Amino acid sequence: MCPDLFTIDVFKQLFLTENEKEAIRKCFHYKQFKKGDTLIVNGDDVEIMYYVLSGCIRNYFIDEKGKEHTVQFAIYDWWITDLIAFFSKTEAVYNLECLSDAEVFGIRFHDIEKLSIQIPEFNKLYRAKLQASIVGYHRRIIANLSKTAAQRYEEFVERYPDIELNIKNYHLASYLGITTESLSRVRREISQGSR
């Protein structure tokens, strides 16, 4: 059963008229996915951004050697898509995969644009979420350039404690830019250091 958009956290904070709520409801489409389902495949046209209600979705790309690189995980109250393709109208670079059963609301690019013009409260929300995403990406770049694997792991666990429960070791290792063996070593060193 499709939940009411305005009972979920992201929209509760908006001050909207009933007409504005109805306009927003018409643009968001509820979908359920199973573990292992793909939402986007490299090469796809990308028109939809997803708001995650439940589950865990992974955003990754595969390099020329066939190695997977995880770029993002999304859980409840997160937005996810291939931002490069979404904004530049090019083919998808990334793949989006459900790591567990998931429920999402999807919204098309042109509907985001339309709502942002028509409803100032929606525009504020959209801009705030986009800005938070940009900040998150830049923090990640700085961490990858300046922190050790152990520091990146500890920061990940501190910032996103619920995600680790939903993902496999190789997903987390690829997100951190290390091997699964290195991840095991980092965990071991941290647990021995905390004794």
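This passage describes two helix pairs and the nonpolar cores of a predicted model. Local features were taken at pLDDT of at least 70 and side-chain atom pairs at pLDDT 80 or more, while totals for chains, interfaces and linings use all residues. Residues are numbered from 1 along each chain as its sequence is written, and side-chain values use heavy atoms, with hydrogens and water left out.

The axes of helix α4 (residues 109-118) and helix α5 (residues 120-146) come within 5 Å and cross at roughly 125°, which makes α4 oblique to α5 (neither under 35 degrees, nor over 145, nor 65 to 115). In this contact (heavy atoms within 4.5 Å), Ile112, Leu115, Ser116 and Gln118 of α4 meet Pro120, Phe122, Asn123 and Tyr126 of α5; by class, five of the residues are nonpolar, three polar and none charged.

Helix α6 (residues 149-159) packs against helix α8 (residues 180-193) at an angle of about 75°, with the axes 10 Å apart, which makes α6 roughly perpendicular to α8. Here Ala149, Ala150, Tyr153 and Glu154 of α6 meet Leu183, Val186, Arg187 and Ile190 of α8, giving six nonpolar, no polar and two charged residues.

The largest nonpolar core (buried nonpolar residues joined through side-chain atoms within 4.5 Å, buried being under 20% relative accessible area with a 1.4 Å probe) comprises 41 residues, of which Phe11, Ile24, Phe28, Ile57, Ile107 and Phe122 touch the most other members. Strand β3 (residues 48-54) gives the most to this core, with six residues. A second, separate core of 17 residues includes Leu99, Tyr153, Ala173 and Val186.

How values were computed:
Axes are lines fitted to C-alpha atoms, for helices over the stretch in contact, and angles run from 0 to 180 degrees between N-to-C directions. Helices (H or I, at least four residues) and strands (E, at least two) are DSSP runs, numbered from the N terminus. Ala, Val, Leu, Ile, Met, Phe, Trp, Tyr, Cys and Pro count as nonpolar, Asp, Glu, Lys and Arg as charged, and the others, Gly among them, as polar. Buried means under 20% relative accessible area, exposed over 50%, partly exposed in between (1.4 Å probe, protein chains only).
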